[in-house]
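Walk through this model with the ligand as the starting point. The backbone comes next.

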Amino acid sequence: MKTLNITLLALTAATMLSCANQKPKAEEQQQTLAQAFEGKFLMGAAINQWQVAAPTSKEAQLAVRQFNSIVAENCMKCEVIHPSEDRYDFTLADEFVDFGERNNMAIIGHCLIWHSQCAPWFFIDDKGNQVSADVLKQRIKDHITTIVSHYKGKILGWDVVNEAIEGDGSYRKSKFYEILGEEYIPYAFQCAYEADTSIQLYINDFGMNMPAKREAYVKIVNDLKSRGLRIDAVGMQSHMGMDYPDFQEFEKSIEAYAATGVNVMFTELDMSALPTINIGANVSDTVGYQQALNPYPDGLPDSVSTIWNSRMDTVFAIALRHTDVITRITAWGVTDADSWKNDWPMRGRKEYPLLFDRDCQPKPFLAKYLIKQNN
Ligand code: GLA
C-alpha cells in the first residue's frame, strides 16, 4: 500500500555528528534517525521561520542531519500565506521550501483548510457580513488552487483539512462547517486534487485515538474514497502527555485508518513531560500561569525522564509494528527549546516534549536507533 518515493541524500560520516560538536566514538557506527528508519518511514520535524533564516544555527543543522522530511510550523497557514483576499505572501513559505529542497528533504505542506490561524477575511464580505456558501466555495477553490499550484513539483503532500472533528465524533462547528456543512471536506480534497494530481493528500487531527473521533474519520475517508476522491493518508497529530493517549486505543486507530486502505502518519509528535492541563491541542485553549504547573524549571528529574523515555519508546515501537502503513513520523519541533508547548496551554513553562534536548542531544530512548545494528 505504501510508497516512499523520495531519494534521500546520502549523509556523510561528518554530517552525523550531533550539534554539540561532539565526535562519534570510532568504534561505534553511528547513524541518524533518518537513516535508522530508512525504508520504513520518513522521519520529519516541524521547522520554524527562524531556523529557516539561520541555516547554520545548531538547531537547523541538527534538523538537516537527523531528519529527511520537514513541515512548516506556521508559515503556510492561511493567516500568513493568504492574509487578504487578493494578496498571497509566499515569502516565508518559499524560504522554507528552498531550505527543504537544498537539503533534499521531503517537504510537507501544512495546512490548506483549518479553522484556526485562518485569516478573518475568509468568511466575511466587505460589509462585514458572513459570506454565502457559493462565495466561500469560490474562496476555498482560489486559496487551494493558488497555493498548491505555487508549490507544484516541490511538495510531497498536503494536509488538506486539519482538525475537522470533535472528540465526540461530531463535526467541529467551524465557519467552514457552519456555511458549507460536511461537504466542505470532500470539496477541499477535490480542489486540491484538481490543482495537482500528483501530490499526496492528507486529513489531519489531534486526539485521533478517541473512539468516536476514530469512527468519524473512518467514515470520512470511506466517503472520500466512495466519491472517487484522492486521499493518501490519515495524519494522527500525536500531541501526547504523561497520561495520554491510551496507547491501545492509539494503536486501534492506526489499524482502523489503515483498514480503509490509506496510510497513517504521526504528524505532530510531541509528549509533554509536565502535569497535564489539557489533553487536546486546540491552540485557543489556554490557562493563566500557575507555579505548580511548571514543576521542573531547572531540569527534568531522572524519575520523570525515565517514564517519558519509556512512553516515547512505546510510540516508536507501535510505529515499528505497523511499518506496512506508517509512512512518516514528524516531531512538532526540533529541540525542547523551540517547542510550542513551552507556551501552551500555559505561557512560560519549561517543557521537555521533543526528541532532542536543549543541547541538541538525543533523548536516551533514541540511543538504540542511533547506533547502527550489524544484522
Ligand atoms: C495544531 C496544528 C499545528 C500547530 C499545533 C500547535 O496541532 O495542526 O499547526 O499549530 O496545533 O503548534
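**Around the ligand**

Lys77, His110, Trp114, Gln117, Asn162, Glu163, Gln237, His239, Glu268, Val283, Trp332 and Trp340 surround the ligand, each with a heavy atom within 4 Å of it. This is a predicted model: local features need pLDDT of at least 70, side-chain atom pairs count only at pLDDT 80 or more, and totals for chains, interfaces and linings use all residues. Residues are numbered from 1 along each chain as its sequence is written, and side-chain values use heavy atoms, with hydrogens and water left out.

Polar contacts are pairs of N or O atoms within 3.5 Å. A polar side-chain atom of Glu268 lies 2.4 Å from a ligand oxygen. For Asn162 the distance to an oxygen atom of the ligand is 2.9 Å. For an N or O atom in the His239 side chain, it is 3.0 Å. Taken alone, the ligand exposes 300 Å², and the protein buries 97% of that (Shrake-Rupley method, 1.4 Å probe).

Now the backbone. Glu163, one of the residues around the ligand, has a positive phi near 55°. Glu163 lies in the loop between β4 (157-162) and α7 (175-180); helices are DSSP runs of H or I with at least four residues, strands runs of E with at least two, numbered from the N terminus. Gln117 also surrounds the ligand. Its phi is positive too, near 50°.

Which peptide bond leading to Pro245 is cis? The one from Tyr244, with omega near 0°. Pro245 is in the loop between β7 (239-240) and α10 (247-259). Another cis bond joins Trp344 and Pro345. Pro345 lies in the loop between β9 and α12 (367-370).

Technical notes: Polar contact = N/O pair within 3.5 Å; in protein donor to acceptor, adjacent residues only side chain to side chain.
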